[in-house]
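Here's a quick briefing to read with the model open beside you. Take a moment to spin the structure around, then come back for the tour.

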Amino acid sequence: MPKTIVVIYSGGMDSFTLLHRALAEGHRVHALSFDYGQRHVRELEAAASVCGELGVPHKVLDIRSLQAVMAGSALTGGSAVPEGHYEEDSMKSTVVPNRNMILLSLATGYAVTVEADAVWFGAHGGDHAIYPDCRPEFVEKMDAVCRVANYEPVAIEAPYIHASKTDILAEGVAMDLDYSQTWTCYNGRQKACGVCGSCVERLEAFAANGLTDPIPYEARN
């Protein structure tokens, strides 16, 4: 049954696939993005472009003023972005303190405003090792809270919570999606670095699906 859904849309490949999944299922979609001072702010440009092309209502919330309570992450300039796989302990430096609780709380308020039934976000199985706020227990508890936080219950759903990035890409390929419209790299440079955790996982997903990533990468010696 079609619902009204707020999709937290970063502009990356997971939320890009999630957005199209919601549309393919016939839901009425509102896309919501956040500028929290991330290095890779160019992902918001990708999000705006896609939503404009699809005709999906898109709002970007500027929450950079919250940096004082979301500080210390490599993603917001606290330190250099580490290279390697998400399973490496160094990747913990990419954790933004309490990010998903903050974003989901704001998205829930927006959902009440636009009379949406649910908030969807793109947490997936590959995030579990590093990000506590992408794990099933967190999603379950946020869902429980957001159903009772207002007079209007809002469900918190992560449709890919048990899927890998390889699985997500396979679903998107089946929908014939163009992943050149996405940005994943944690470094906000002209080309993707190819060595940060986000790039490594993305490249692994394309390789596992027998595909070549369509975005440009920096040359490595």
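What share of the contacts in the protein chain with a separation of 6 or more comes from residues 24 or more positions apart? The figure is 71%. Keep in mind that this is a predicted model, so every value below is computed from that prediction.

**The overall layout**

- The protein chain has six helices and five strands.
- Starting at the N terminus, you'll meet the elements in the order β-α-β-α-β-α-β-α-β-α-α.
- Of the 221 residues in the protein chain, 49% are buried.
- About 10,100 Å² of the protein chain is exposed, and carbon and sulfur atoms supply 52% of that area.

**Salt bridges around R64**

- The structure has 11 salt bridges in total, and R64 is a good place to start looking.
- One partner of R64 is D35, with the closest N and O atoms 3.7 Å apart. A salt bridge needs a side-chain nitrogen of Lys or Arg within 4 Å of a carboxyl oxygen of Asp or Glu, so the R64 and D35 pair makes the cut at 3.7 Å.
- D35 sits in strand β2 (residues 28-35), while R64 sits in the loop between β3 (58-62) and α3 (99-113), so this salt bridge ties together parts that are 29 residues apart in sequence.
- The two ends of that pair differ in how covered they are: D35 is buried, at 13% relative accessible area, whereas R64 is partly exposed, at 43%.
- R64 also forms a salt bridge with D62, and here the N to O distance is 2.6 Å. D62 is partly exposed, with a relative accessible area of 47%.

**More salt bridges to find**

- In helix α4 (residues 136-146), K141 and E137 are four residues apart, which means about one helical turn separates them.
- K141 and E137 form a salt bridge, and their closest N and O atoms are 3.7 Å apart.
- Is K141 buried or exposed? K141 is exposed, with a relative accessible area of 51%, and E137 is exposed too, at 52%. The cut-off for exposed is over 50%, so K141 counts as exposed at 51%.
- There's also a network of salt bridges that links D14, K165 and E201.

**Helices α1 and α5**

- When two helices pack, you describe them by the angle between their axes and the distance between the axes.
- For helix α1 (residues 13-24) and helix α5 (residues 165-174), the axes come within 10 Å and cross at roughly 45 degrees.
- With that angle, α1 and α5 are oblique to each other, and their crossing is left-handed.
- Which residues make the contact between α1 and α5? On the α1 side they are M13, D14, T17 and R21, and on the α5 side they are K165, I168, L169, E171 and G172.
- You've already met two of those names: D14 and K165 also belong to the salt-bridge network with E201.

**Helices α3 and α4**

- The axes of α3 and α4 are 11 Å apart, and the angle between these helices is about 30 degrees.
- That makes α3 roughly parallel to α4, because angles under 35 degrees count as roughly parallel.
- The crossing of α3 and α4 is right-handed.
- From α3, the residues N100, M101, L104, S105 and T108 meet F138, M142 and C146 of α4.
- Zoom in on N100, which is found in helix α3. N100 is buried, with a relative accessible area of 9%.
- Leaving out residues up to four places away in sequence, N100 touches F121, D133, C134 and F138.

**Two backbone oddities**

- Most residues other than glycine have a negative phi. Here are two that go the other way.
- E115 has a positive phi, near 60 degrees, and is not a glycine. You'll find E115 in the loop between α3 and β4 (118-120), where E115 is exposed at 68% relative accessible area.
- D176 isn't a glycine either, yet its phi is positive, at about 60 degrees.
- Where is D176 found? Look in the loop between α5 and α6 (197-208). At 69% relative accessibility, D176 counts as exposed.

Key. Residues are numbered from 1 along each chain as its sequence is written. This is a predicted model: local features need pLDDT of at least 70, side-chain atom pairs count only at pLDDT 80 or more; totals for chains, interfaces and linings use all residues. Side-chain values use heavy atoms; hydrogens and water are left out. Helices (H or I, at least four residues) and strands (E, at least two) are DSSP runs, numbered from the N terminus. Buried means under 20% relative accessible area, exposed over 50%, partly exposed in between (1.4 Å probe, protein chains only). Contact means heavy atoms within 4.5 Å. Accessible areas come from the Shrake-Rupley method with a 1.4 Å probe; for residues, only the protein chains shown count as cover. Axes are lines fitted to C-alpha atoms, for helices over the stretch in contact, and angles run from 0 to 180 degrees between N-to-C directions. Angles under 35 degrees count as roughly parallel, over 145 as roughly antiparallel, 65 to 115 as roughly perpendicular and the rest as oblique. A crossing is left-handed if the near helix is turned anticlockwise from the far one by less than a right angle, and right-handed if clockwise.
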